[in-house]
Amino acid sequence: MEETELTYEQALGRLEKLTSEMEGGQIGIDEMADRLREAQKLLDYCKQRLTNAEKSCNLLLNIEENV
């Protein structure tokens with residue numbers, strides 16, 4: 001599934017699952033590297049979604065204050 005198809009909640013859930021798997025210590029180094037790459041992409045995606053939501057909220061608040 002592409003990151004752009006995910007909701008914020010789905011991406012965060014996947015990130016939490018990856019974190020649990022990595023903390024479990026039951027995966028090999030190659031799998032760990034793959035999970036770390038995926039986790040970084042998901043983290044970046046979540047940060048971007050939060051930044052966009054914050055910008056939208058600030059824009060709406062500014063519009064309401066000026067009305």
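Is leucine 42 buried or exposed? Leucine 42 is buried, with a relative accessible area of 2%. A few notes on the rest follow; keep in mind that this is a predicted model.

1. Start with the two helices. Helix α1 covers residues 8–24 and helix α2 covers residues 29–66. They pack at an angle of about 150°, and their axes are 9 Å apart. That angle makes α1 roughly antiparallel to α2, since anything over 145 degrees counts as such. As for handedness, α1 passes α2 in a left-handed crossing.

2. Now for who touches whom. From α1, the residues in the contact are Tyr8, Ala11, Leu12, Arg14, Leu15, Leu18, Glu21 and Met22. On the α2 side they meet Met32, Arg35, Leu36, Glu38, Ala39, Leu42, Leu43, Tyr45, Cys46, Arg49 and Leu50. Sorted by type, the residues of this contact come out as 14 nonpolar, five charged and no polar.

3. Back to leucine 42, which sits in helix α2 and is one of the residues that meet α1. If you look from leucine 42 towards glutamate 64, you go 22 residues along the chain, and the two C-alpha atoms are separated by 33 Å.

4. Set that beside another pair, glutamate 9 and cysteine 46. These two are 37 residues apart in sequence, yet their C-alpha atoms are 8.7 Å apart in space. Glutamate 9 has its place in helix α1 and is exposed, at 58% relative accessible area. Cysteine 46 is among the α2 residues in the contact with α1.

5. On to the charges. Side chains of opposite charge can pair when their charged atoms come close. Searching the whole structure turns up five salt bridges. Lys17, Glu21, Glu31 and Arg35 are linked in a network of them, and the next points walk through that network.

6. Within α1, lysine 17 and glutamate 21 form a salt bridge at 3.7 Å, N to O. Both residues lie in that helix, four residues apart, or about one turn. Lysine 17 counts as partly exposed, at 47% relative accessibility. Glutamate 21 is partly exposed too, with a relative accessible area of 24%.

7. Which residue does glutamate 21 meet in a salt bridge at 2.5 Å, N to O? The partner is arginine 35. Glutamate 21 belongs to helix α1 and arginine 35 to helix α2, so this pair ties together parts that are 14 residues apart in sequence. Glutamate 21 and arginine 35 also both appear in the list of residues where the helices meet.

8. Arginine 35 is worth a click in the viewer. Its relative accessible area is 18%, so it counts as buried; the cut-off for that label is under 20%. Besides glutamate 21, arginine 35 forms a salt bridge with glutamate 31, where the closest N and O atoms are 3.3 Å apart. Arginine 35 and glutamate 31 both lie in helix α2, four residues apart, about one turn of the helix. Glutamate 31 counts as partly exposed, at 40% relative accessibility.

Notes. Residues numbered from 1 in each chain as written. Predicted model: local features only at pLDDT ≥ 70, side-chain atom pairs only at ≥ 80, totals over all residues. Heavy atoms only, no water. Axes fitted to C-alpha atoms, helices over the stretch in contact; angles between N-to-C directions. Parallel < 35°, antiparallel > 145°, perpendicular 65-115°, else oblique. Left-handed = near helix turned anticlockwise from the far one by under 90°. Contact = heavy atoms within 4.5 Å. Nonpolar A, V, L, I, M, F, W, Y, C, P; charged D, E, K, R; others polar. Salt bridge = Lys/Arg side-chain N within 4 Å of Asp/Glu carboxyl O. Buried < 20%, exposed > 50% of the residue type's maximum accessible area, 1.4 Å probe, protein only.
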